[in-house]
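Open the structure in your viewer and keep the sequence panel visible. This tour names what to select at each stop and then says what is there.

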Amino acid sequence: MSSDLDSGELLNANLTATPELDELYEDFAAHHLAPLWTQASEVLTFHPRSDAVPFVWRWDDLYPLAARAGALVPVGRGGERRAIALANPGLGGAPYATPTIWAAIQYLGPRETAPEHRHAQNAFRFVVEGEGVWTVVNGDPVAMRRGDFLLTPGWNFHGHHNDTDSPMAWIDGLDVPLSDHIDIGFFEYGSERVTDEASPEISRSERLWAYPGLRPLSALDDRVSSPIAAYRWEYTDRAVAEQLRLEDEGHPATVEQGHAAIRYVNPTTGGDVMPTLRAEFHRLRDGTKTRTRHEVGSSVWQVFEGSGTFVIDGVRHTLNRGDLAVVPSWIPWSIEAESEFDLFRFNDGPVIERLGFARTLIVDEP
């Protein structure tokens with residue numbers, strides 16, 4: 001069987017058009033039926049073929065647009081959040097970065113409060129710059145600062161308040177498209193403001209849970225999502241820095257030469273922070289080039305610091321601080337660091353792996 005033909009052509013190779021066949025197709029349509037052999041190339045593909053396309057959003061475009069929205073669009077009931085979704089050009093206008101991931105820049109102005117609500121979808125926030133906002137998750141105020149990764153698992157009430165005279169923006173990630181496809185969405189309004197307007201340095205969840213290798217005996221039950229509300233930058237920075245130092249000392253610690261990376265985990269299971277979303281942080285030394293990879297499942301990357309080139313499906317994209325790039329399922333990608341290059345990555349890995357569809361192809365460069 002030759003791969004030069006698609007599967008639809010192969011299955012139709014011996015069909016000859018006849019009046020009887022035309023009548024059969026008309027009767028299929030009248031009864032809302034669709035024969036596989038006329039559309040096999042759409043459902044039986046030789047490899048994943050996403051409608052999403054590789055795309056790059058520039059922070060220098062996103063932030064000014066969010067600031068303009070801040071001047072014109074209030075935060076409150078109805079719209080709920082001043083969040084501007086990344087709409088992949090391949091998805092027909094849908095507000096999705098990929099078929100499984102919703103990503104947006106959210107902007108909160110000085111002294112503003114976004115009211116509380118909750119939804120079945122899982123959510124997180126990653127802060128590429130700024131501070132002064134607290135996200136309140138189930139009544140627990142959690143400070144948001146540059147480099148922090150913050151969780152809002154599904155069906156947790158949450159709102160945000162800005163205690164400063166300066167605006168702040170960050171990236172939201174949710175599993176909204178996946179939730180839409182499998183029809184599990186619920187939503188409920190909460191407090192008109194937030195249930196606790198305090199601004200503590202450290203949240204209650206961190207006080208209980210955020211100690212490496214230590215777990216409170218008062219909470220030994222496993223959780224579906226991580227109980228840690230915020231993964232702080234100082235620990236992430238130290239973790240990837242020490243991997244590179246260990247590499248310098250001749251010890252195995254990095255995923256590739258010059259490429260350190262960590263995965264944020266749920267301390268109660270050792271697995272992903274949420275059942276539908278995976279999050280990682282990568283640091284590449286200046287001059288490091290990764291091998292080319294194909295992966296089942298889609299990813300969104302954001303540059304935290306530095307500059308480098310993403311090669312996505314053979315096209316080179318130079319990325320700088322704040323820029324975001326989407327890599328659809330099975331599209332080849334690699335990274336070339338032009339300085340020390342820090343990157344935040346999130347994807348649908350937990351879903352892909354749980355369903356048994358995970359596959360990665362690493363291409364050895366010539």
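**Stop 1: Arg293 and its surroundings**

Select Arg293 and Glu256: their side chains are joined by a polar contact of 3.4 Å. The model you are looking at is a predicted one. Arg293 is part of strand E15. Is Arg293 buried or exposed? Its relative accessibility is 13%, so Arg293 counts as buried, since buried means under 20%.

Now add Arg291 to the selection. Its backbone oxygen is 3.4 Å from a polar atom of the Arg293 side chain. To see what else surrounds Arg293, leave out neighbours within four places in sequence and show its contacts: Glu256, Ile331, Pro332, Trp333, Leu361 and Ile362.

**Stop 2: Arg291 and Glu256**

Keep Glu256 and Arg291 on screen. Their side chains form a salt bridge, with 4.0 Å from N to O. This pair links distant parts of the chain, 35 residues apart. Arg291 sits in the loop between strand E14 (278–284) and strand E15 (292–295), and Glu256 in the loop between helix H7 (233–248) and strand E13 (259–263). Arg291 is partly exposed at a relative accessible area of 35%, while Glu256 is buried at 12%.

**Stop 3: Glu336 and Arg316**

Next, select Glu336 and Arg316. Here the side chains meet in a salt bridge of 2.8 Å, N to O. Glu336 belongs to strand E20 (residues 333–337) and Arg316 to strand E18, and the pair links distant parts of the chain, 20 residues apart. Glu336 is buried, with a relative accessible area of 17%, whereas Arg316 is exposed, with 52%.

**Stop 4: Arg321 and Glu129**

Move to Arg321 and Glu129. They form a salt bridge in which the closest N and O atoms are 3.9 Å apart. Why does this pair tie together parts that are 192 residues apart in sequence? Arg321 lies in the loop between strand E18 (315–319) and strand E19 (324–327), and Glu129 in the loop between strand E5 (123–126) and strand E6 (131–137), so the salt bridge spans that separation. Arg321 is partly exposed at 34% relative accessibility, and Glu129 is also partly exposed, with a relative accessible area of 24%.

Add Arg146 and Glu305 to the view. Together with Glu129 and Arg321, they are linked in a network of salt bridges. Across the whole structure, a search finds 31 salt bridges.

**Stop 5: Asp175**

Select Asp175, in the loop between strand E10 (168–174) and helix H5 (176–182). Which side chain of opposite charge is nearest to Asp175? That side chain is Arg125, 11 Å away; Asp175 is buried yet has no salt bridge. The Asp175 side chain does make a polar contact, 2.5 Å, with the side chain of Thr276. Apart from neighbours within four places in sequence, the contacts of Asp175 are Thr100, Gln121, Asn122, Thr276 and Leu277.

**Stop 6: Glu201**

Go to Glu201, in the loop between strand E11 (187–189) and helix H6 (204–209). Glu201 is exposed, with a relative accessible area of 62%. Now select Ala143 as well. The two residues are 58 apart in sequence, but their C-alpha atoms are 6.6 Å apart in space. Besides Ala143, Glu201 is in contact with Arg145 and Arg232, when neighbours within four places in sequence are left aside.

**Stop 7: the nonpolar cores**

Select Phe124, Phe149, Tyr264, Phe281 and Phe344. These residues have the most contacts inside the largest nonpolar core, which has 38 residues. Centre the view on Phe149. Among the residues Phe149 touches are Phe124, Phe126, Tyr231, Tyr264, Val273 and Phe344, not counting residues up to four places away in sequence. There is also a second, separate core of 15 residues, including Leu284, Trp301, Phe310 and Ala337.

**Stop 8: helix H2**

Finish with helix H2, residues 19–30. How far does helix H2 reach from its first C-alpha to its last? The distance is 16 Å for 12 residues, close to the 16 Å expected at 1.5 Å a residue. Then select His32, which follows H2 and has a positive phi, near 55°.

How values were computed: Residues numbered from 1 in each chain as written. Predicted model: local features only at pLDDT ≥ 70, side-chain atom pairs only at ≥ 80, totals over all residues. Heavy atoms only, no water. Helix = DSSP H or I, 4+ residues; strand = E, 2+ residues; numbered from the N terminus. Buried < 20%, exposed > 50% of the residue type's maximum accessible area, 1.4 Å probe, protein only. Lys, Arg positive; Asp, Glu negative; His and termini not counted. Polar contact = N/O pair within 3.5 Å; in protein donor to acceptor, adjacent residues only side chain to side chain. Contact = heavy atoms within 4.5 Å. Expected span 1.5 Å × (residues − 1). Core = buried A, V, L, I, M, F, W, Y, C linked by side-chain atoms within 4.5 Å.
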